[in-house]
Amino acid sequence: MSTFAIGDRDFLLDGQPHRIISGAMHYFRIHPGDWADRIRKARLMGLNTIETYVAWNAHEPVEGEWDESDGLDLGRFLDLIAAEGLHAIVRPGPYICAEWHNGGLPTWLTATPGIRLRRTDAAYQAALETYLRRVYRVVAPRQIDRGGNVVLVQIENEYGAYGSDKDYLAELVRVTRDSDITVPLTTVDQPEPDMLEAGSLPGLHLTGSFGSRAHERLATLREHQPTGPLMCSEFWDGWFDWWGGPHHTTDAATAAAELDDLLGAGASVNIYMFHGGTNFGTTNGANDKGRYLPIVTSYDYDAPLDEAGDPTEKYHAFRGVIAKYADVPAEAPASASARPEITVALSPVSRTAVTSLASQPGLATFEEAEHTGSLLRHETALPDGFAGGVLSIGEVRDQAWVSVDGIRVGSLSRTRHEHALRLPPGRNLSILVEEQGRVNYDDRLGEAKGLIGPVAIDGHALSGWRTTPVPLDQAAGAPELLMAEGSFDLDAPSDLFLDTTGWGKGYVFVGGFLLGRYWSNGPQRTLYVPAPVTQAGSNTITVVEIEQPVPDSARFVGAPSLGPLHE
């Protein structure tokens, strides 16, 4: 067994000075069949540590139904890191941000009436204690002083940008230590004096999050952490994308120079991200700083290892920098090779083959309907003799498609700040609402989703509603949606890139695995298909389309297309 501690100026591994050179990978954003490959490539770049968040809402989407299976097996992920000879850093939140759905907090928790998040609150603290103890049951026996590889655990996440409740932080520390976590505990904040002061406690080791001007940021950090090692535990080497925006990249040479400055100053580092992965399913978050902007499916992040696990120019540039400060393996990973190019015929899915969806009375939000999916359908009868009028909705969260007598008449978008449209004469009104990603930052955490506020025609409220949750695997049960499916053959399991150019808006399954969302809004034009969800022989693809006729074919292409570049 080894020991890991914080000395006067350094981290100490078995009493000797040790520099952490780490990279972030989120196990819940990577297919578990790819974990070992990505971890190995981290070691080959020269990293000695892997850091991961823990996403509470991935493990417990429904209260009391805890899941550690398959892609949520944190213990197996940590063991694979250890098998590669690397240390691990665990950041369990409970809030993680990470451009992840609801910042990692479960919707059943944030929908609790009167709850106060990320501060002293009995209901919130009781739930998070249960959560943390479950996580720490996995982490505690894997700490370095028990023969494992976990060297640091983080308390909360960039808390100084949100609040300053020291009693809340102290309670997190109490639960952590009481759960037999003995390794050093850290906090992270941007190197702004107010944030560093608000976001930590005596006894916790402060670290910084930044991507440039290392000497300046480290100096500010040192003012608030007078002793011990300096660490940038989020060295931002790229950025994320949102629907309707550009694809963000950073120059590899510039990013490598910033890393060189940081390591040259003697600091430890965690590269955010080493490998970003994918917001599979409907797990993407959203930003809202006056305009709601949902995050795309890809979390490539312009990281050294791209979404498909291929080394990039940035990978090799970082590897060269790290070699100046630490031993780097002689072996380097192979360059990317083109993936198969296949065209697949698609056929519409018959509605008669789909079981009717269960509905409930009333105009319910996603929370009230206890629906963890992304689509709700609302129906009501229009007034007798309805000759047309203006439909108005207090707020749409996040997009709604409106139909009269089964005919689509328009849509309302939160991003475009739309609240009203004119309806033609008819008898029946239906509204399909999509939750496009929950805000993962600041005071919009946990906001209700659906149709918020009054729903009226010409100022008169409508009643008699029925609400129907629409699971994506039963989407053909909703008449506003179209589904198509097809099959294709592979000689062996393979990564694929599905080209969605020319499609409207929707979701794709391959082999029953929900890849995520596509949208003509861009910038992303391909969806990544991990090899482990495919097989030798016959494979299936299912497309759920919202906005336009279902495509009659699907095309897998040899390389990804994440949109026009923005540097």
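This dialogue reads a few features of a predicted model.

Student: What should I know before starting?

Tutor: Residues are numbered from 1 along each chain as its sequence is written, and side-chain values use heavy atoms, with hydrogens and water left out. As the model is predicted, local features need pLDDT of at least 70 and side-chain atom pairs count only at pLDDT 80 or more, while totals for chains, interfaces and linings use all residues.

Student: Is Thr 49 buried or exposed?

Tutor: Buried means under 20% relative accessible area, exposed over 50%, and partly exposed in between (1.4 Å probe, protein chains only). Thr 49 has a relative accessible area of 0%, so Thr 49 is buried.

Student: With which residues is Thr 49 in contact, leaving aside its neighbours within four places in sequence?

Tutor: Contact means heavy atoms within 4.5 Å. On that basis, Thr 49 touches Ile 20, Ile 21, Ser 22, Gly 23, Leu 86, His 87, Ala 88 and Ile 89.

Student: How many disulfides does a search of the whole structure find?

Tutor: A disulfide is a pair of cysteine sulfur atoms within 2.5 Å. The search finds 0.

Student: Why is Cys 97 without a bond?

Tutor: The closest cysteine sulfur, in Cys 232, is 15 Å from that of Cys 97, which is too far for a bond. Cys 232 is likewise in no disulfide.

Student: Are these cysteines buried or exposed?

Tutor: Cys 97 counts as buried because its relative accessibility is 10%. Cys 232 also counts as buried, at 0%.
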